[in-house]
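Here are some notes for someone opening this structure for the first time. They are meant to be read with the model on screen.

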Amino acid sequence: MSDMMVSVDTPASSETTPRAIVGVRFMRVGKLYHFDASAHGLLRPGDRVIVETTRGRQLGEVVHFIDAAKASPPPGGYKPIEGVATPRDLAMQQFWQSKETEAMINGRERAHQLRLQDVKIVKAEYSYDGARLTFLISGPDDGQGKLETKSLRDDMQALHPNHQVSLRQIGPRDVAKLLGGMGACGLETRCCSMFLTEFSPVSIKMAKEQGISLNPDEITGMCGRLRCCLVYEYEQYVAARKTLPKRNKPVLTPKGPGKVVDVNPLKESVFVEIREGEDYRTYEFLKADLQPAEELEALKKKADSPCDRHESGGCNCGKAQKRNA
C-alpha cells in the first residue's frame with residue numbers, strides 16, 4: 001500500500017481520549033471506515049493497523065481522528081482495532097501484493113477457457129496475510145444484479161487451495177477507479193483515481209442546470225457513466241439561477257426593453273434580446289442593471305387602481321385625492 005501524506009486536525013493533546021475513534025482506509029484513494037482505537041494508546045495519522053472487516057482481517061492506514069461525542073456510531077457500535085501492524089505484517093503485505101498480478105492472469109485465463117466472454121477480471125487482491133484472495137470482476141449481469149460465473153470460483157479455489165477465494169462484482173465506476181488512466185476531459189489522472197473517495201449520484205438534470213451540452217461525448221466519462229465532475233458546481237449554479245430572471249422573461253435594460261434569452265449564473269449576468277429597428281441584437285447585462293418588466297407593470301397597475309381597502313362609506317387613505325390631483 002502506497003504511503004500518502006494526509007493533512008488532518010489532531011487534538012491539542014498528544015494522548016488519545018478515553019474513547020478514540022479513528023478513520024481507516026484500505027486503498028490509497030478509498031472510502032474511510034471508522035474503528036474504536038481506545039485500547040491502543042497513542043496513534044497518529046499514517047500508522048498501519050489490523051482490523052476485522054466483513055472481508056476478514058485487513059491492514060489499513062489511520063487517516064484522521066473524530067470526536068467520539070459527535071460521532072454517530074453504526075448499528076452494533078464501532079469495531080475495535082485489533083492491533084498495530086508490525087514490520088512482519090508490512091513485509092507479508094508486500095509479498096502477497098507481488099503475487100496479485102499472477103493470480104489475476106490465472107483467473108483471466110480460466111474465464112477464457114470457460115467462455116465467460118462478458119466476465120472481466122479487473123484485479124486480484126490478497127489480504128495482507130494471504131489468508132484471502134478476492135477477484136474483482138465486472139460485466140453485464142443476469143438482470144438480478146449478478147454475473148454468471150459458472151465454476152470460476154470453484155476452479156480458482158482449487159488452484160489456490162491455501163487461500164479462501166471469493167468473487168466480488170464491482171460497477172463501471174469502480175473499474176475506472178482501479179484502472180486509472182487519462183480522464184475524458186484530458187486530465188492525466190481521472191478524478192476517481194486522484195481524490196474521489198466515494199461516488200455521488202449524478203443525473204442529467206445537473207448537466208441541464210449548468211447549460212452543458214447533452215452530447216454523450218461531452219458528459220460521459222471513461223467509465224461510460226455521467227461524469228462525476230457534473231456534481232462539483234451544481235449547487236452553486238442552482239443557487240445563482242434563483243437570483244436571475246428566467247428565460248423569455250421581459251426585462252428593462254439601459255438599452256430599452258427586451259427578452260431574456262440566456263443567463264450566466266456564475267458571472268451573474270443575463271443575455272437579453274433587444275429589438276433595434278427591424279432587427280434583433282443580443283446584449284449581456286449584469287443583474288444589477290436590469291429591472292423586471294412584469295413586476296414594474298404590476299406595480300403601475302396597482303398604483304392606478306381605485307382604493308379597495310375601505311367600505312362604500314368613502315376613502316380616507318388619501319389615494320383618491322392623489323389620483324384626482
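1. Rings of Phe, Tyr and Trp, the last taken by its six-membered ring, are called a pair if their centres lie within 6.5 Å; planes under 30 degrees apart count as stacked, over 60 as edge-to-face and the rest as tilted. The model is a predicted one, and five aromatic pairs are found in it. Phe 26 and Tyr 33 make up one of them, with 5.8 Å from centre to centre and 45° between the planes. This pair counts as tilted because its angle is neither under 30 degrees nor over 60.

2. Are the two residues of that pair covered or open? Phe 26 is partly exposed, at 24% relative accessibility. Tyr 33 is also in the partly exposed class, with a relative accessible area of 39%. Both are so classed because the partly exposed range runs between the 20% limit for buried and the 50% limit for exposed.

3. Another tilted pair is that of Tyr 283 and Phe 285, whose ring centres are 6.2 Å apart and whose planes are at 45°. Here Tyr 283 and Phe 285 are both buried. Elsewhere, ring pairs connect Phe 95, Trp 96 and Tyr 126 into a cluster.

4. Strand β7 covers residues 132–138, and six of its seven residues are buried. Strand β6, residues 120–126, pairs with β7 in the antiparallel sense over six bridges. Strand β8, residues 164–169, runs parallel to β7 and is joined to β7 by six bridges. Thr 134 can be used to follow both pairings: Thr 134 is the bridge partner of Glu 125, and in β8 the bridge partner of Thr 134 is Ser 166.

5. The hairpin of β6 and β7 has five residues between its strands, and Gly 130 in this hairpin takes a positive phi near 80°.

6. Ser 138 belongs to β7. Its relative accessible area is 11%, so Ser 138 is buried, the limit being under 20%. Which residues does Ser 138 touch, leaving out those up to four places away in sequence? They are Asp 118, Val 119, Lys 120, Val 122, Leu 147, Ile 170 and Val 175. For Ile 170, which is 32 residues from Ser 138 along the chain, the C-alpha separation is 5.6 Å.

7. The largest nonpolar core has 17 residues, of which Ile 121, Leu 133, Phe 135 and Leu 152 touch the most other members. The elements α2 (100–113), β6, β7 and α3 (152–159) each give two or more residues to this core. Leu 152 is in contact with Gly 107, Arg 110, Ala 111, Leu 114, Leu 116, Ile 121 and Leu 167, leaving aside neighbours within four places in sequence. A second, separate core has eleven residues, including Val 22, Phe 35, Ala 37 and Phe 65.

8. Two loop residues other than glycine deserve a check of their backbone. Asn 248, in the loop between α8 (234–241) and β9 (250–253), has a positive phi near 75°. Asn 248 is exposed because its relative accessibility of 56% is over 50%. Glu 268, in the loop between β10 (256–264) and β11 (269–276), has a positive phi near 55°. With a relative accessible area of 37%, Glu 268 is partly exposed.

Key. Residues are numbered from 1 along each chain as its sequence is written. This is a predicted model: local features need pLDDT of at least 70, side-chain atom pairs count only at pLDDT 80 or more; totals for chains, interfaces and linings use all residues. Side-chain values use heavy atoms; hydrogens and water are left out. Helices (H or I, at least four residues) and strands (E, at least two) are DSSP runs, numbered from the N terminus. Buried means under 20% relative accessible area, exposed over 50%, partly exposed in between (1.4 Å probe, protein chains only). Contact means heavy atoms within 4.5 Å. Two strands pair if DSSP finds at least two bridges between them. A nonpolar core is a set of buried Ala, Val, Leu, Ile, Met, Phe, Trp, Tyr and Cys residues joined through side-chain atoms within 4.5 Å.
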